[in-house]
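Work through the exercises below with the sequence and the model side by side. Each task is followed by a solution in steps.

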Amino acid sequence: MTRVAFIGLGNMGGGMAANQAKAQRPVMAFDLSKAALEKAAGAGCSVAGSVAEAVKDAEVVITMLPAGPHVRQIYADEVLPNAPKSALLIDCSTIDVESARAVAAQAKAAGFRFADAPVSGGTAAAEAGTLAFMVGCDAADFPAVEEALKPMSRVTLRAGDHGAGQAAKICNNMVLGISMIGVCEALALAEKLGLDPVKFYEISSQSSGQCWSLTSYCPWPGPVPAAPSNRNYEGGFATAMMLKDLKLAQEAAAKSGAAAPLGAQAEGLYALFDRLGYGGKDFSAILNLFRGDLS
Ligand code: NAD
């Protein structure tokens, strides 16, 4: 069975590594956090003492790290010098397109196959093995990437060459951030107008206002039982994470000369919500900013 090295066992990586182990693949796992390592061991992974040790016999290396600088550092200092050249390297973190392309170029120059493969789906999907992967890689490498990601995925789509997975991810999350704010503004307005927000949900979800933020992730408690709005906006996709992705989108827009004014507004609103102390709450909690109820 494919030997997997898994680096970064946090909220997302923990569940993802567990699903590789569940698929009977031997997993060598590493994280800086002792608690994360213990959890991975409990899920059937072997625990390594360093990135170098984790990757040394790997056929597939998967990284799930916080941001671009972590990915650049770990690949340059630890993965590329220590993994076998035959290993397929897959970075699933959400990072800037430039860092993804720089790491891909370094990996290719060193003789490796590399893919950026950020995910959509959040922690519940990471645990359930139902993530959507958006992949940037050489076309010839895609079947191997798809196979490597299978125990963790509902769907895996190739976006294009290196960096295209990250480009798809930040564009998708810009749509998500903007649409969530639109849905929250409308729900707060409905309430002010004396319209039952649940009735508004019922009507808009069958009208032209229908979108994922409303019908799959409703920020108003009640209509969508699995949504974080029903558990005081705990878990789910943190405001700080949404802010990070909107920042990445704005940086990419500035560098490429694209106009993204609503993305900039969404970034500003999520930055404000984060500064007010709600960075750890699910991003749909921004509803309460528009309702004027941050109690
Ligand atoms: P997290 O902070 O929970 O996990 C990151 C892990 O990386 C931590 O356990 C940390 O100890 C580890 N780490 C950091 N530096 C390391 C190093 N040098 N060596 C080994 N381990 C190291 O973050 P997360 O929520 O799991 O997110 C990971 C990535 O997935 C991010 O890029 C995020 O944007 C993206 N993402 C998150 C979600 C979500 O809902 N949380 C959804 C989609 C994508």
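**Exercise 1. Which residues does N173 touch, not counting residues up to four places away in sequence?**

Step 1. Contact means heavy atoms within 4.5 Å. With residues up to four places away left out, N173 touches F237, M242, D245 and L246.

Step 2. Place the residue: N173 lies in helix α8, which covers residues 164–192. Helices (H or I, at least four residues) and strands (E, at least two) are DSSP runs, numbered from the N terminus.

Step 3. Decide on burial. Buried means under 20% relative accessible area, exposed over 50%, and partly exposed in between, with a 1.4 Å probe and protein chains only. N173 counts as buried because its relative accessibility is 2%.

A note on the source: this is a predicted model, in which local features need pLDDT of at least 70 and side-chain atom pairs count only at pLDDT 80 or more, while totals for chains, interfaces and linings use all residues. Residues are numbered from 1 along each chain as its sequence is written, and side-chain values use heavy atoms, with hydrogens and water left out.

**Exercise 2. Find the contacts of V60, leaving aside its neighbours within four places in sequence, and its distance from N173.**

Step 1. V60 is in strand β4, and its relative accessible area of 6% makes it buried.

Step 2. Beyond those neighbours, V60 is in contact with T2, R3, V4, A5, L88, I90 and A148. Two of these contacts, L88 and I90, belong to strand β5.

Step 3. V60 and N173 are separated by 113 residues in sequence and by 27 Å in space, C-alpha to C-alpha.

**Exercise 3. Describe strand β5 and the strands that pair with it.**

Step 1. Strand β5 takes in residues 88–91; L88 and I90 point one way, L89 and D91 the other way, and all are buried.

Step 2. Look at strand β4 (residues 60–63). It runs parallel to β5, with four bridges between them; two strands pair if DSSP finds at least two bridges between them. I62 stands opposite I90.

Step 3. Look at strand β6 (residues 113–116), which is parallel to β5 and joined to it by four bridges. Here D91 has D116 as its bridge partner.

Step 4. Trace the connections. Helix α4 (residues 68–82) lies between β4 and β5 in a right-handed β-α-β unit. Helix α5 (residues 97–109) takes part with β5 and β6 in a right-handed β-α-β unit. A crossover is right-handed if, with the strands pointing away from the viewer, the path from the first strand over the helix to the second runs clockwise.

**Exercise 4. Which salt bridges involve helix α5, and which parts of the chain do they link?**

Step 1. A salt bridge is a side-chain nitrogen of Lys or Arg within 4 Å of a carboxyl oxygen of Asp or Glu. A search of the whole structure finds 11 of them.

Step 2. One of them joins K255 and E98, at 3.5 Å from N to O. This pair links distant parts of the chain: K255 is in helix α11 (residues 239–256) and E98 in helix α5, 157 residues apart. K255 counts as exposed because its relative accessibility is 59%; E98, at 45%, counts as partly exposed.

Step 3. Another joins K108 and D138, at 3.1 Å from N to O. K108 is in helix α5, while D138 is in the loop between β8 (131–136) and α7 (142–149), 30 residues away in the chain. K108 is partly exposed at 46% relative accessibility, and D138 is partly exposed at 22%.

**Exercise 5. Where in the chain are E191 and R291, and how far apart are they in sequence?**

Step 1. E191 and R291 form a salt bridge whose closest N and O atoms are 2.8 Å apart.

Step 2. E191 is in helix α8 and R291 in the segment after α13 (287–290), so the pair spans 100 residues and links distant parts of the chain.

Step 3. E191 is partly exposed, with a relative accessible area of 32%; R291 is also partly exposed, with 25%.

**Exercise 6. What radius of gyration does the chain have, and what would a compact globule have?**

Step 1. The chain has 295 residues, for which a compact globule would have a radius of gyration near 19 Å; the value for the chain is 20 Å, which agrees. The radius is taken over C-alpha atoms, and the globule rule is 2.2 Å times the number of residues to the power 0.38.

Step 2. Buried residues make up 49% of the chain.
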